[in-house]
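The following exercises ask the student to reason from a structure to a conclusion, one step at a time. Please examine the sequence and the structure before reading the solutions.

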Amino acid sequence: MVEHRTENAGVPSSSLGLGTRTTILLISRCPPYPAHLGDRLILWHLARELHKRGISIDLLALYDRADDPQHIDKYRPYFRHIRLIPEPPRSNLSYLRRLLLPGARFANRPESSFCPPLWGAIAECLRHNKYDLAHCFGSFTVYEYLPLFAHLPKLITPYESHSLYLRSAAQQGNLLARIRLPLARRYEQFMFSPYDRTVLISDVDAAMLRDLQPGLRVAVIPNGVDLAQFRPTASDRDRNSLVFVGNFAYAPNQDAARLLIERLLPAVRAKLPAARLQLVGANPPDWLRELANEHIEVTGRVADVAPYLSRAALFVCPLRIGAGMKNKVLEALAMGVPVVATPLSVDGIAARHQESAWIAPVDQLAAAAIRLLQDEALRVKLSQNGRQLIEARYTWARTADAYARLYAEICAAR
């Protein structure tokens, strides 16, 4: 267990309906860094923006990467108190027990929880501090500690619906996802109901949870983009370059890479032989690295994806498995690179077909990429409109303001 304390001072938050000394207990399934990972990205930017608004946060976070404790200095300024706790393994039997025994669904003592040290850390924070609100970030790993802070206003951000993710995987023939789907649906029918709000990042995920539990109090707060980091540049684009960005340890990104290599790129090069593909991101498996050639570049981890987006003619996103909002698509739109994507890739993003992005099924993406590579005026239109969409609707400041208003609403209702 790793623990740090810091002093937190910022701009008063009273203008957002919160007291000037609002203090939150944040219980998270992960720490806020490295910020290139999707769930950690939200925590990183949300904590930084809330700190600017004068909101104090005590962070209790599970971690599963050996180097996580080494990164605390990266986000220390945004928290009053930080404690990292190693995430223990969880058995299938422990999940099944919670499904079969309603009395075991929420932990009432340390030894009945997935992680007794986290239980103890929460209890200690509550003994020694006064909090205005408890915020859980995650789902299966953190939801069950609610009995400890049931007296407080509380919300939970599961980030996405796991049932929605499994359903998309099952539709692509994943047998394990098909087996797990009914179990995940049963969990999502009870996990979030005691919370004052359940926050999703897309309307599609929210609809799934409302379908599973019609009375659930749901709020949708989308992700944002760091507009300073992701902004169009004056450099010329390579008119033959297609790019896709992702962490290739993630199965949906591997599926997308295989589609790009085996189906999309050959179809595009049959019409435009100079076309090339860049697959940018960490953890490419060996099979993916072995497919690199003069037309396919597999970069591995890069320090910054923005330069790759700034040079590409098109960002092509053929995702067919997943849930939540795709940060990679938000960042591509912010960079002004024309986006060609499946409908699932733009779930939760207010992109309009042929206006701010080209949205089509997987089997039509190659034809769309060919058309756009041959039509500069259309690329310019999508580029400009995509950037304008991000500036208008998807900034981290807007995300933090939405959370601050929700905090105030929940506290006022109590």
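A residue is called buried when its relative accessible area is under 20%, exposed when this is over 50%, and partly exposed in between. The model examined here is a predicted one.

**Exercise 1. A nonpolar surface patch**

Determine whether Leu 100 is buried or exposed, and identify the patch that includes this residue.

*Solution.*
Step 1. Locate the residue: Leu 100 lies in helix α3, which covers residues 92–100.
Step 2. Apply the cut-off of over 50% for exposed residues. Leu 100 has a relative accessibility of 56%, and therefore counts as exposed.
Step 3. Identify the patch: Leu 93, Leu 96, Leu 100 and Leu 101 together make a nonpolar surface patch of about 410 Å².

**Exercise 2. The nonpolar cores**

State which residues of the largest nonpolar core touch the most other members, and which helix gives the most to this core.

*Solution.*
Step 1. Begin with the general tendency: in soluble globular proteins, nonpolar side chains tend to be buried together.
Step 2. The largest nonpolar core has 103 residues, and those touching the most other members are Tyr 75, Phe 79, Phe 244, Leu 279, Leu 309, Phe 315 and Ile 349.
Step 3. The helix that gives the most to this core is α14 (residues 396–413), with 8 residues.
Step 4. Consider Phe 315 and set aside its neighbours within four places in sequence; its contacts then include Phe 244, Leu 309, Lys 328 and Pro 338.
Step 5. A separate, second core has 52 residues, among them Leu 166, Tyr 187, Tyr 195 and Leu 209.

**Exercise 3. Helix α5**

Determine how many residues of helix α5 are buried, and which helices these residues pack against.

*Solution.*
Step 1. Helix α5 spans residues 162–171, and 7 of its 10 residues are buried.
Step 2. The buried residues of α5 include Leu 164, Tyr 165 and Leu 166.
Step 3. The buried residues of α5 pack against α6 (175–187), α7 (203–212) and α8 (251–271).
Step 4. After α5 comes Gly 173, with a positive phi near 95°.

**Exercise 4. Backbone geometry**

Describe the peptide bond between Tyr 33 and Pro 34, and give the phi values of Tyr 159 and Asn 283.

*Solution.*
Step 1. Recall the usual case: most residues other than glycine have a negative phi, and most peptide bonds are trans.
Step 2. The bond joining Tyr 33 and Pro 34 is cis, with omega about 5°. Pro 34 belongs to the loop between β2 (23–28) and α1 (38–52).
Step 3. Tyr 159 is not a glycine, yet its phi is positive, about 75°. Tyr 159 is in strand β6 (residues 154–159), and counts as buried because its relative accessibility is 10%.
Step 4. Asn 283 also has a positive phi, near 60°. Asn 283 is in the loop between β10 (276–280) and α9 (286–289), and is partly exposed because its relative accessible area is 46%.

**Exercise 5. Cysteines**

Explain why Cys 411 has no bond to the closest cysteine sulfur.

*Solution.*
Step 1. A disulfide is a covalent bond between the sulfur atoms of two cysteines.
Step 2. A pair of cysteine sulfur atoms must lie within 2.5 Å to count as a disulfide.
Step 3. The closest cysteine sulfur to that of Cys 411 is in Cys 136, 14 Å away, and this is too far for a bond.
Step 4. The search of the whole structure finds 0 disulfides. Cys 125 is likewise in no disulfide, and its nearest cysteine sulfur, that of Cys 136, is 12 Å away.

Key. Residues are numbered from 1 along each chain as its sequence is written. This is a predicted model: local features need pLDDT of at least 70, side-chain atom pairs count only at pLDDT 80 or more; totals for chains, interfaces and linings use all residues. Side-chain values use heavy atoms; hydrogens and water are left out. A nonpolar core is a set of buried Ala, Val, Leu, Ile, Met, Phe, Trp, Tyr and Cys residues joined through side-chain atoms within 4.5 Å. Buried means under 20% relative accessible area, exposed over 50%, partly exposed in between (1.4 Å probe, protein chains only). Helices (H or I, at least four residues) and strands (E, at least two) are DSSP runs, numbered from the N terminus. Contact means heavy atoms within 4.5 Å. Patches are made of residues with over 30% relative accessible area and no salt bridge: like charges are joined within 9 Å, nonpolar side chains (Val, Leu, Ile, Met, Phe, Trp, Tyr) within 5 Å. Accessible areas come from the Shrake-Rupley method with a 1.4 Å probe; for residues, only the protein chains shown count as cover. A salt bridge is a side-chain nitrogen of Lys or Arg within 4 Å of a carboxyl oxygen of Asp or Glu.
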